Structures are given as C-alpha cells and as structure tokens.
Number of protein chains: 2
Amino acid sequence: MQDEKQKALVVLSGGQDSTTCLYWAIDRYGLAAVDTVTFDYGQRHHIELDCAAKVAEFAGVSNTCLPIDTLAALGGDSLTDPEIGVSSEMDADTGLPNTFVPGRNLIFLTYAAAFAYRLGIRNLVTGVAQTDYSGYPDCREETIVALQETLRLGMECDVTIHTPLMHLSKKETVELARDLGGLPAMAYTHTCYNGERPPCGQCPACELRAKGFAEAGIADPLVTSA
Amino acid sequence: MQDEKQKALVVLSGGQDSTTCLYWAIDRYGLAAVDTVTFDYGQRHHIELDCAAKVAEFAGVSNTCLPIDTLAALGGDSLTDPEIGVSSEMDADTGLPNTFVPGRNLIFLTYAAAFAYRLGIRNLVTGVAQTDYSGYPDCREETIVALQETLRLGMECDVTIHTPLMHLSKKETVELARDLGGLPAMAYTHTCYNGERPPCGQCPACELRAKGFAEAGIADPLVTSA
C-alpha cells in the first residue's frame, strides 16, 4: 500500500479551479494516488455534480459524492434557495456577495478531512484562492492555515491542506492548467451561475472565466466545444 | 434588540453536559437571550432529539433541530451505523473509542457558528470537556481554541466558544448543575448508550453519569423519577 502521505484527496466542484487542482494533484502524486470528493449540498444547478463526475472520469480518478443537507436547512443564501435571486451585488450589511454561505468552505474541508481520514489519505487539495475573489473570508490563506491546525488537533493526524491556486490570478490558473495537461478536461467543467450549457457568457462567473482565458491567450475548450 | 454579544446559542444534545451548559448560559445571559440548536445526524437513538426538545421546553428556551446527513454517509462509526456494535473498547489502530466520528464536534460547532451568524448571536456554548473523557481530540481545549480562531477568520465575526465544563470532573459538573438550578431538568436528559429509558445502568455512559452523581452526593433525577 502506498504511503498515506503520498496520496491526495481533491475537493472537486466540477469547476475550472478544482479541475486545475485535480491535474496539479495528479502531476504531484500520480494518477493512482488521487481520489476526489464532491459535495451535493443542494446547489441550484445539479449540472455541477454531473460535471464533477465527468471531469473525474475523463481524468481517470474516482469520485465520491457526499450529501450535505444542512446548508440548505440553514437557508438564506442564493445558491441553495430558489427564492433568492442570483446577483453580483454585495449585501449591504455584510459586504459579501449574496451567494455567501457562512463557513461553507470550512464545512467542505472538514468533511473532506474526515473522509480522507477514513481512506488513510493525509493530503487535501482545494481550489480556493485569494486572488480574483472578493469577500469570501473562508477562502483566504490565513483561514486555511488556521483550519489545517484545527483539523490536525481535532483529528490527531498530520493532514495538510494544499491550495495551489491561492495566489494565482485567473490568467495564471489557466496557464497552470495548460502546463499540467489539464486543458482538455476544461470542456467538461461548469462555471456559469445561471446553470446554462453552453454558458450564458453574461453572469459574473462566466465573465471572470472568459477574462482569464483571454488574458492567457488560450481558447476555452468549454466555449469552443459548445 | 439586545446586543448580539449578549446573546448565546447552546449546542444541546439532550444529555447531562449540554443541559448543564444551557443552565450556565441562562444564568449568564438571561432566559430571553438564549437559543439552543440540536443536530439530527442519524444517531442510533432518536430519543436524544426528543430529550433535547423536552429539556429546552422545560427550561423555556427555543430549540432548533438541524439535519446532518453527511456523517452517516461517511460511515464507519458505531453511533450511526447499526451494523457496528457499541463498545467501550478502544480501536487498536487509533486508540480512540469506536464511537468516534473524526471531527464530529468541529462539524457541530461550525454549523452552530453559521446558524448563530444568521441569528446575530456571537456566543456559542458547548459541553465538551477534557476531564473524564479519553481520546476525543476534538473535545480538547487546544482544539476548541484553534477552531474559534478558524471560525473568526472564516466568518469574519467575533464568535466566542464557551466551554464551561472543559476542566470539570463529572462530580463538579453535577454540582454546577445544582448551583445553577439545573437539576430538575436532568430528569429529561438522556445519557444511556443503549437508548434505554429508564437507563440501562450498565453501559459506560450510564456508569460515568452514576459515578458523578454519587461522588457529588446528589440523587440523579433521571433515575429517581424513573
């Protein structure tokens, strides 16, 4: 059995960033040493889960989908509540986008750590990034560092959270995906906030993705294949 | 509206410790400033949820039950998996009781913090304790301190996790409940690992509870009322 320190679990959302992380993990640990986990938390668009499964299949790694019913029960965010419209507007009270679920990434990573614990895996890989994101405090490096310490203490294991995209711009993330051979898989990813395929091209998520590919001078396989 | 720093959310399991914490919070913040949250995570005995609701009703505070389906999906522990027997034996690999769910308290407290965030509450109260417990690394003070820092960074709010029982023995916890007027509520609590009511008196949880009451020289209202 491979040393558990040499195996990795990638939190795969089915989007561009986590797919890039998957190829980063495959490059670092080898295809046979990488697993992926996806969370079904009642997101607005089920297509994200389908994309995660397709990306994993295309890459040749396993994908486990874990249910999370608690976030929807907590309510009050536009990603899980169909009564709240999607908007790029900031909430006047919190200064955060109205797609924000307090501590959502803390939950995802804690579950990923528990799952990895069961599998004997000690490396977690997540696509959170400080750059190009505004206002998600659970994506910042200092939060991830604090969470890693909490997980190490709370699970008594030497888990490491890898964040290869933390300080990359969208342009640099596209270039990283290219360098790791991850571009073809981008055709199976999902980014559009409106759940459209081909993507709407109008929402903030589509615009941010398009900007990254444009600045890198690379055609987006998702758009060109559509 | 009351200052959010003067409101508290108690994580109420329906057991002796969290009920003591409820009375600690009522004593400190006042009855009107205290809410409780209980997690339905697929525990072996539904009676725990009923007890939490009864304790809250008896005390005169609200109780919200949030579902958590993820822990059962992660599987492999005797609290949620009926195929695994309950035992006080330690797992030979981990040195932990086989009732251990990796990071379970991290999950509970992160959800409690997210719920408190929605309610505008900044004080969380939990009955975790280092004393009388062996091997649950997510109950230790250093883990709770690290988690508090993680939640503050990840949710950008000044949440405080109060652990009034952290360094108390079971005897001292019983005495604290008495001093706070919390003894009558103990008749509605649940402790027995075997889910029996009246309690079996034989399982490790029943034995630990009985020892605490005996050492404090106080009759357990749960046993005397049975």
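The following paragraphs lead through a predicted model, from the fold of one chain to the contact between two chains.

Chain A is a sensible place to begin. Its 226 residues include 49% that are buried, and its secondary structure consists of eight helices and five strands. Read from the N terminus, the elements of chain A follow the order β-α-β-α-β-α-α-β-α-β-α-α-α. Contacts that span long stretches of sequence are frequent in chain A: of those between residues at least 6 apart, 69% join residues at least 24 apart.

The five strands of chain A make an open sheet, ordered β3-β2-β1-β4-β5 and paired in parallel. At its edges stand β3 (62-67) and β5 (160-162) of chain A, each of which pairs on one side only. From one strand to the next, the twist averages 25°. Strands of a sheet pair through backbone hydrogen bonds, either parallel or antiparallel.

Strand β1 of chain A has a partner on either hand in this order. Toward β4, residues 8-11 of β1(A) pair in the parallel sense with residues 123-125 of β4(A), over three bridges. Toward β2, four bridges join β1(A) to β2(A), and these strands also run parallel. Residue V10(A) illustrates both pairings: its bridge partner in β4(A) is V125(A), and in β2(A) it stands opposite T36(A). Strand β2(A) is itself mostly covered, with five of its seven residues buried. Helix α1 (residues 16-29) of chain A packs on the sheet, where it touches β1, β2 (34-40) and β4 of chain A. The direction of α1(A) makes about 170° with that of β1(A).

Chain B can now be considered. Its five strands likewise form an open, parallel sheet in the order β3-β2-β1-β4-β5. The edge strands are β3 and β5 (160-162) of chain B, each pairing on one side only, and the average twist between successive strands is 25°. Strand β1 (residues 8-11) of chain B is joined to β4 (residues 123-125) of chain B by three bridges in the parallel sense, with V10(B) partnered by V125(B) in β4(B).

Two helices of chain B show how the sheet is covered. Helix α2 (residues 47-59) of chain B lies across β2 (34-40) and β3 of chain B, and runs at about 160° to β3(B). Helix α4(B) also packs on the sheet, touching β1, β2, β3, β4 and β5 of chain B. The direction of α4(B) makes about 150° with that of β1(B). Helix α4(B) comprises 16 residues and spans 23 Å from its first C-alpha to its last, close to the 22 Å expected at 1.5 Å a residue. Of these 16 residues, 14 are buried, and the helix is thus mostly covered. Just after α4(B), G120(B) adopts a positive phi of about 75°.

How are the two chains arranged relative to each other? A turn of 180°, with a shift of 0.0 Å along the axis, lays chain B on chain A with an RMSD of 0.0 Å. The two copies are therefore related as by a two-fold rotation axis. Their contact takes 32 residues from chain B and 32 residues from chain A. On the side of chain B that touches chain A, the elements giving two or more residues are β3 (62-67), α3 (70-74), α4 (104-119) and α5 (141-155) of chain B. The largest share, ten residues, comes from α5(B). By character, the residues on this side of chain B divide into 19 nonpolar, seven polar and six charged. Because 100% of the interface residues of chain B are also interface residues in chain A, the copies meet through the same surface.

One residue brings this contact down to individual positions. L106(A) lies in helix α4 (residues 104-119) of chain A. It counts as buried because 29 C-beta neighbours lie inside 10 Å, where 20 or more is the threshold. Apart from neighbours within four places in sequence, L106(A) is in contact with D138(A) and L147(A) as well as with T110(B), T150(B) and G154(B). Its C-alpha atom is separated by 10.0 Å from that of Q148(A), 42 residues apart along the chain. The contacts of L106(A) thus include residues of chain A and of chain B, and T110(B) falls within α4 (104-119) of chain B, whereas T150(B) and G154(B) fall within α5 (141-155) of chain B.

Definitions and conventions:
Residues numbered from 1 in each chain as written. Chains lettered and ligands numbered in written order. Predicted model: local features only at pLDDT ≥ 70, side-chain atom pairs only at ≥ 80, totals over all residues. Least-squares fit on C-alpha atoms with pLDDT ≥ 70 in both. Contact = placed C-beta atoms within 7 Å. Nonpolar A, V, L, I, M, F, W, Y, C, P; charged D, E, K, R; others polar. Pairing = 2+ DSSP bridges. Axes fitted to C-alpha atoms, helices over the stretch in contact; angles between N-to-C directions. Buried ≥ 20, exposed ≤ 12 C-beta atoms within 10 Å, placed from the backbone. Expected span 1.5 Å × (residues − 1).
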